[in-house]
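Q: Could you take me on a close look at the sheet in this model and at what packs against it? I would enjoy one connected account.

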Amino acid sequence: MAIAQLPVIAERSARTIWSGPLATGRGTVTSASGALDELPVTWASRIQKPEGRTSPEELAAAAHASCFSMALALRLGEHGVPPQRLDVTATVSLDQVGGRPTVVSSVLRVIAQVIDRDSFRAIVDEAVALCPISRLFAGATITVDAILDGT
């Protein structure tokens, strides 16, 4: 008996071409959509100063910030208080766990302009549970510093 497979909502891909050993090598990341076009990446830029290059953690932070902003906008709208503006920053941390580099946390900072201030924190918590990238980070600590912007 075959198991029915659910349709995939979306698929996106990116490709990295890497040359050389880890410490001195370099690569480029390109997305199939063309939005990321040969972004340079090196080990040194990952663990030291970026110097204009990206890293997997920076790309994960970009994914988390954009995913969370969409989830929060959805939940606010479903509660009848669509946001006027959301400013979401994600900071992803890489650390040693058991001798292996591991993403250990993603800290989300949200500055929001919304009309209903009373239910804001509860809706933020709903968005954390809804965001697929938050669920991808299962096992990592996710914290949200949510600030209502009075302007």
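A: Happy to. The sheet is open and built from 3 strands in the order S4-S5-S6, with mixed pairing. S4 and S6 stand at its edges with a single partner strand each, so one side of each has no neighbour in the sheet. On average, neighbouring strands here are turned by 15° against each other, direction ignored. Please keep in mind that this is a predicted model.

Let's start with the antiparallel half. S4 and S5 run antiparallel and are joined by 13 bridges. As one example of the register, leucine 86 stands opposite alanine 112 in S5. The two strands form a hairpin with 2 residues between them, and glycine 98 in that turn has a positive phi of about 60°.

The other half is parallel: S5 pairs with S6 in that sense over 8 bridges. Here serine 105 stands opposite threonine 141 in S6. Helix H3 packs on the sheet and touches S5 and S6, its direction making about 145° with that of S6.

Now for the helix that crosses the strands. H2 lies across S4, S5 and S6 and runs at about 140° to S4. This helix covers residues 56–78, which makes 23 residues, and from first C-alpha to last H2 reaches 33 Å, close to the 33 Å expected at 1.5 Å a residue. After H2 comes glycine 80, with a positive phi near 80°.

Which residues of H2 are buried? They are Glu57, Ala60, Ala61, His64, Ala65, Cys67, Phe68, Ala71, Leu72 and Leu76. A general point helps in reading such a list: an α-helix has 3.6 residues a turn, so residues three or four places apart point the same way. The cover over the buried residues of H2 includes strands S4 (85–97), S5 (100–113) and S6 (141–148). Helices H1 (43–47), H3 (120–130) and H4 (132–136) are also among the elements that cover them.

One of those buried residues deserves a second look. Cysteine 67 has a relative accessible area of 12%, and it counts as buried because the cut-off is under 20%. Cysteine 131 is buried too, at 0% relative accessibility. As for disulfides, the count comes to 0.

A last stop takes us to the loop between strand S3 (39–41) and H1, where threonine 42 lies. At 7% relative accessibility, threonine 42 counts as buried. Leaving aside its neighbours within four places in sequence, threonine 42 is in contact with Trp18, Gly25, Arg26 and Arg53.

Note on methods: Residues numbered from 1 in each chain as written. Predicted model: local features only at pLDDT ≥ 70, side-chain atom pairs only at ≥ 80, totals over all residues. Heavy atoms only, no water. Helix = DSSP H or I, 4+ residues; strand = E, 2+ residues; numbered from the N terminus. Expected span 1.5 Å × (residues − 1). Buried < 20%, exposed > 50% of the residue type's maximum accessible area, 1.4 Å probe, protein only. Contact = heavy atoms within 4.5 Å. Disulfide = S-S within 2.5 Å. Pairing = 2+ DSSP bridges. Axes fitted to C-alpha atoms, helices over the stretch in contact; angles between N-to-C directions.
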